[in-house]
Amino acid sequence: MSETAKEKVYSEAEIAERLEKELPKWRYENGWIRRKYKTHSWKSTLMVINTVGHLAEAAWHHPDITASYAWVEVRLMNHAAKGITDKDFELAKKIEDVVQWQPAKEGGALEGTPPTDQRFAYIKYD
């Protein structure tokens with residue numbers, strides 16, 4: 001039996017419960033868990049796309065991505081399992097952690113982008 005055959009495919013109710021508890025900014029729609037990230041510019045949009053691409057490639061689990069000037073939508077579904085599995089939730093959490101990371105809030109040596117200078121605006125954090 002292949003690895004994908006062993007994977008649990010979650011029901012819509014289970015997906016809703018996990019999203020509410022673990023990924024409240026994500027939603028389930030048309031067979032995908034999805035999240036739209038708002039950015040300040042095309043440069044920021046490309047940075048988000050590249051970040052998601054890097055994480056997905058490292059995880060060997062690939063999302064569908066739609067983008068425009070100031071937003072990126074990430075959609076996850078396990079194509080081999082034909083549904084939402086733990087792989088989707090785990091990759092969504094990693095994407096969320098990295099894209100929403102704000103180093104200045106951690107109080108370490110990394111300052112993060114200046115919040116008051118729009119020349120350096122990046123993600124519209126929520």
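The paragraphs below lead through a predicted model, beginning with its nonpolar core and ending with its largest pocket.

The largest nonpolar core has 24 residues, and those with the most contacts inside this core are Trp26, Ile33, Val74, Phe89 and Ile95. Two or more residues are given to this core by each of helix H2 (12-22), strand S2 (32-38), helix H3 (42-59), S4 and H4, and H4 supplies the largest share, which amounts to 5 residues. Ile33 offers a way to follow the packing in detail: once its neighbours within four places in sequence are left aside, Ile33 is in contact with Ile15, Leu19, Trp26, Arg27, Tyr28, Val74, Arg75, Leu76, Ile84, Asp88, Phe89 and Ala92. Among these partners are Trp26, Val74 and Phe89, which also belong to the residues with the most contacts inside the core.

From the core we can turn to two residues of helix H4, Lys94 and Glu96. Lys94 is found in this helix, and because its relative accessible area is 45%, Lys94 counts as partly exposed. The C-alpha atom of Lys94 is separated by 9.4 Å from that of Ala56, a residue 38 residues apart from Lys94 along the chain. Glu96 also has its place in helix H4, but its relative accessibility is 14%, so Glu96 counts as buried, the cut-off being under 20%. Apart from its neighbours within four places in sequence, Glu96 is in contact with Leu23, Lys25, Trp26, Arg35 and Tyr37; of these, Trp26 is also listed among the core residues with the most contacts.

Ahead of this helix lies a loop that deserves a look of its own. Asn78 is found in the loop between strand S4 (71-76) and helix H4 (86-99), and because its relative accessibility is 4%, Asn78 counts as buried although it sits in a loop. The side chain of Asn78 is joined to the side chain of Thr85 by a polar contact of 3.1 Å. When its neighbours within four places in sequence are left out, the residues in contact with Asn78 are Glu7, His61, Gly83, Thr85, Lys87 and Asp88, and Asp88 appears among the contacts of Ile33 as well.

The last stop is the largest pocket, whose volume is about 260 Å³. This pocket is lined by 17 residues, of which Gln102, Thr113, Pro114, Pro115 and Tyr125 are the closest to its centre. Sorted by kind, the residues of the lining divide into 10 nonpolar, 5 polar and 2 charged.

Methods: Residues numbered from 1 in each chain as written. Predicted model: local features only at pLDDT ≥ 70, side-chain atom pairs only at ≥ 80, totals over all residues. Heavy atoms only, no water. Buried < 20%, exposed > 50% of the residue type's maximum accessible area, 1.4 Å probe, protein only. Polar contact = N/O pair within 3.5 Å; in protein donor to acceptor, adjacent residues only side chain to side chain. Contact = heavy atoms within 4.5 Å. 1 Å grid on protein atoms, 1.4 Å probe; cavity = no way out; pocket = protein on both sides within 12 Å on 5 of 7 lines; lining within 4 Å. Points joined across faces, edges and corners; volume = space filled by probe spheres on them. Nonpolar A, V, L, I, M, F, W, Y, C, P; charged D, E, K, R; others polar. Core = buried A, V, L, I, M, F, W, Y, C linked by side-chain atoms within 4.5 Å.
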